[in-house]
Amino acid sequence: MQTSSWQHKISGLIISYVSCVLLIYVTSSAWADTLPMPLALSFTQPALDWESESLPIGNGALGANVMGGINEDILQFAEKTLWTGGPQSKQGYDFGLPPAGSDYPQKLKSIQNQLSEQNQLTPEEVAKVLGRDYQGYGSYQSFASVKMNFFHNEKAIRNYQRSLQLNSAVARVTFTENDVVYKREYFVSYPDQAIVTRICASQKGKIHLNLSMVTAPNRSVNYSQSDQQITLQGVLNDNGLQYASILSFHHKNGKTIQHKNSVEIIGADELWYTVVATTNYRQQYPNYRGTDALSKAQQSQEKLLGLTYENLLTNHENDYRELFSRVTLDLKQQATTLSTPALLAGYQSSNTAEQDRALEVLYFQYGRYLLISSSRAGSLPANLQGVWNQYEHAPWSADYHVNINLQMNYWLADVTNLPETLPPLFDFIDSLVEPGAQTALRLFDAPGWTLLLNTNIWGFTGLIAWPTAFWQPEGAAWMAQHYFEHYRFTLDQDFLTQRAYPVMLGASEFWLSTLQKDQQGNWLISPSYSPEHGNFTAGAAMSQQIIYDLLTNTSEAAGIVGDAENQKRISKVLANLAPGLLIGSWGQLQEWRQDLDDKSSEHRHVSQLYALHPGNQLSPLTTPELAQAALTTLNSRGDGGTGWSKAWKINFWARLLDGDRAHKVLSEQLLHSTLKNLWDNHPPYQIDGNFGATAGIAEMLLQSHLGEIHLLPALPSAWPNGQISGLKARGGITVELAWLNGKLQHAMFNSQHSQIINIRCTDCTDVSQLRDKQGNLITMQKRPDGFNFIAKSGVNYRLLVSSEPLN
Ligand code: FUC
């Protein structure tokens, strides 16, 4: 059987599709038992609602949503670079910045002075002075929809199934009409940069449909069609950005009839098509325009010539599986015949424990699936909706918010072994350095670069006027953390020297000249605003913690790259920088420098815990009193919040080493912030919560942020037995773990670099043995709650815990 075939286990039946021929046969239970648990989302109905029921497929640049209507199947898609707004916008556009030489730095000074006299200012008071109306910000756009109108007798339809296989990133719709089985397959190929769909039937000559493409009204449309192609092109009314899409179709037997704006295909055995879609966007400040969209689309289309459907599917599956299959998670879940909405609805009520585990495993892997599908080299990073969007005015423009959201999108990338999803993030941030330098100069009269709350694909690094959220100059510093973390995971010296360090140093330069000294000689951030909560003050916890993290990392990086001068400069400032870690009157970790915390606040942002996660300055293992304060804060905020807020709390509790509480918050997220298609619900749909929860689950099983690898740091009692393989620890170390009755059973380590590896594991100190592949015993040096050993690069080391005999 080919790898491209589909195997799906339904009540002891295996339905296999090889090419377009459909076979249904009963298997022996022995064979059925050896099949892996299908990692799939499934529905028994077409989607009625795009947001909660469609199945998302994508390749980073292109994202499409499978609705699977029986007679009207609309495949709506989006392409990351199709945005309104920007420098050519009819609304006008200035990157959110006042002109060079304006009096903005003086206004800023006046707010700083007021804060040192009055301690607090309301967001409204500050926004009146420092906020700024902006135009031409734009929004991510829907690109177009492929419409497939069929001629089925809906009353005769049986066995409808719509599924998304996470192991292959292929969506399928199948149903029977009378005695004919129909099947549609959909995927988006990264290697061939195209959306691909195939429609087939179990009997010849049964395919009959009208095929067309439609797009939104906010653009000019030039539509043309032939016996093989439909081409759609035009420009957005707002900014003249060109778009072009070519749908190219192939049918076996049957004939075509050309109608106005649609092609009818009659009596075919099979139909398949590809869609390419491009714009003339270029990620280059300040104009953001490149090659003509139509010629780009034609070039993409020409690359597909000569490829069969099977070629496309094989290329796609080979590319995708290589990434996805690196991590396996087994929580002793049970294969289930329940549809995904039923599995979700039964969570912690009618489901068995094994079904609940099946949902959790699916949700974990779905985060990885969504990241691979929405972030690959050559395009923009995953935005608030990943890559999927059906709107002309998307919520928050489906942009890049940097007071938590963009960061959360990438927390899982290294730890769940998907570094190939990171280039779009780094390319994007690199492209913000130049406009961000204008922001530093025009707003702060400072060197270096920064950005504020939110950014778009047009280098917007400036201001908006919304008091509740406009001031976040720590944006660049927080993004710089991702560069250094990627270095920590890989120890890639070239990446550090060439990409990470310049970005980190530029972000640090900005702060070295912007920090304010208080009367006690502490360096503070002023004005400072704890995301979307409370008043403006000087030195809010999160601001201080982020800058502390930035300067600590940059100083370490300077040491590695041999920049002694800057290392000295930075260390000097660090010595007097308030770290933002204060314990308040009710034992809480203070959100502000003054003890202002309201015990009854359940605000979704718990920004003062940045030092706990994603930072590493606070931990039960290194700073137990501060960790206790963080726990008090987290308890007072409760386990609710928007989707991303819950996802962050999973990470917080994991870092506090409380697996049961982390699991409880994961349950809250599944119960109250998850749509039927398992998309995270802010509300509305927002993808950060998916990514944050997957990262949180990884954090429950493996941590490596304190210079040691902590095995099963926050294992919940709901997961007594299990296994995970392929996670990455910092240092370029791949880890596999298996546990039984809540205790580590075995572990495997493979390091990309020869180095000493420190292991923390409470169960493994006395009786464990460490062996290499040849069975040689490796010396384990005891350390508190663990051991260390010298690893040679590329060698598998197997740790056996317990006195069970080695095999
Ligand atoms: C931040 C959050 C909101 C929302 C928005 C996109 O401002 O506070 O909840 O997620 O980003």
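**Ligand surroundings and local geometry**

In the predicted model, a polar side-chain atom of R604 and an oxygen atom of the ligand are 2.9 Å apart. Two further residues approach ligand oxygen atoms through their side chains. For N405, a polar side-chain atom is found 3.0 Å from an oxygen atom of the ligand. In the case of W644, an N or O atom of the side chain lies 2.9 Å from a ligand oxygen atom. The ligand exposes 290 Å² when taken alone, and 98% of that area is buried by the protein.

The residues around the ligand include R604, N405 and W644, together with L384, W396, H401, N403, E532, H605, H682 and Q686. Sorted by class, this shell is made up of six polar, three nonpolar and two charged residues. The nonpolar class covers Leu and Trp, and the shell members L384, W396 and W644 belong to it. Glu and Arg count as charged, as is the case for E532 and R604 in the shell.

One residue of the ligand shell, W396, also stands out in its backbone. Its phi is near 50 degrees, a positive value in a residue other than glycine. Most residues other than glycine have a negative phi, and most peptide bonds are trans. W396 is placed in the loop that runs between α8 (353-374) and β21 (400-401).

Two cis peptide bonds are described here, each with a proline as its second residue. Y285 and P286 are joined by a cis peptide bond with omega of about 0 degrees. The loop that holds P286 lies between β19 (270-279) and α5 (293-304). The bond between S526 and P527 is likewise cis, with omega of about -5 degrees. P527 belongs to the loop between β24 (523-524) and α14 (541-561).

Helix packing was examined for two pairs. Two packed helices are described by the angle between their axes and the distance between the axes. Helix α3 (residues 104-118) packs against helix α4 (residues 123-130) at an angle of about 160 degrees, and their axes are 10 Å apart. Angles over 145 degrees count as roughly antiparallel, and α3 and α4 are therefore roughly antiparallel to each other. Their crossing is right-handed.

The second pair involves α8, the helix that precedes the loop of W396. The axes of α8 and helix α6 (residues 309-324) come within 11 Å and cross at roughly 135 degrees. The two helices, α6 and α8, are therefore oblique to each other. The crossing of α6 past α8 is right-handed.

Terms used
Residues are numbered from 1 along each chain as its sequence is written. This is a predicted model: local features need pLDDT of at least 70, side-chain atom pairs count only at pLDDT 80 or more; totals for chains, interfaces and linings use all residues. Side-chain values use heavy atoms; hydrogens and water are left out. A residue is near a molecule or strand if one of its heavy atoms lies within 4 Å of it. A polar contact is a pair of N or O atoms within 3.5 Å; within protein, one must be able to donate a hydrogen and the other to accept it, and residues adjacent in sequence count only if both atoms are side-chain atoms. Accessible areas come from the Shrake-Rupley method with a 1.4 Å probe; for residues, only the protein chains shown count as cover. Axes are lines fitted to C-alpha atoms, for helices over the stretch in contact, and angles run from 0 to 180 degrees between N-to-C directions. Helices (H or I, at least four residues) and strands (E, at least two) are DSSP runs, numbered from the N terminus. Angles under 35 degrees count as roughly parallel, over 145 as roughly antiparallel, 65 to 115 as roughly perpendicular and the rest as oblique. A crossing is left-handed if the near helix is turned anticlockwise from the far one by less than a right angle, and right-handed if clockwise.
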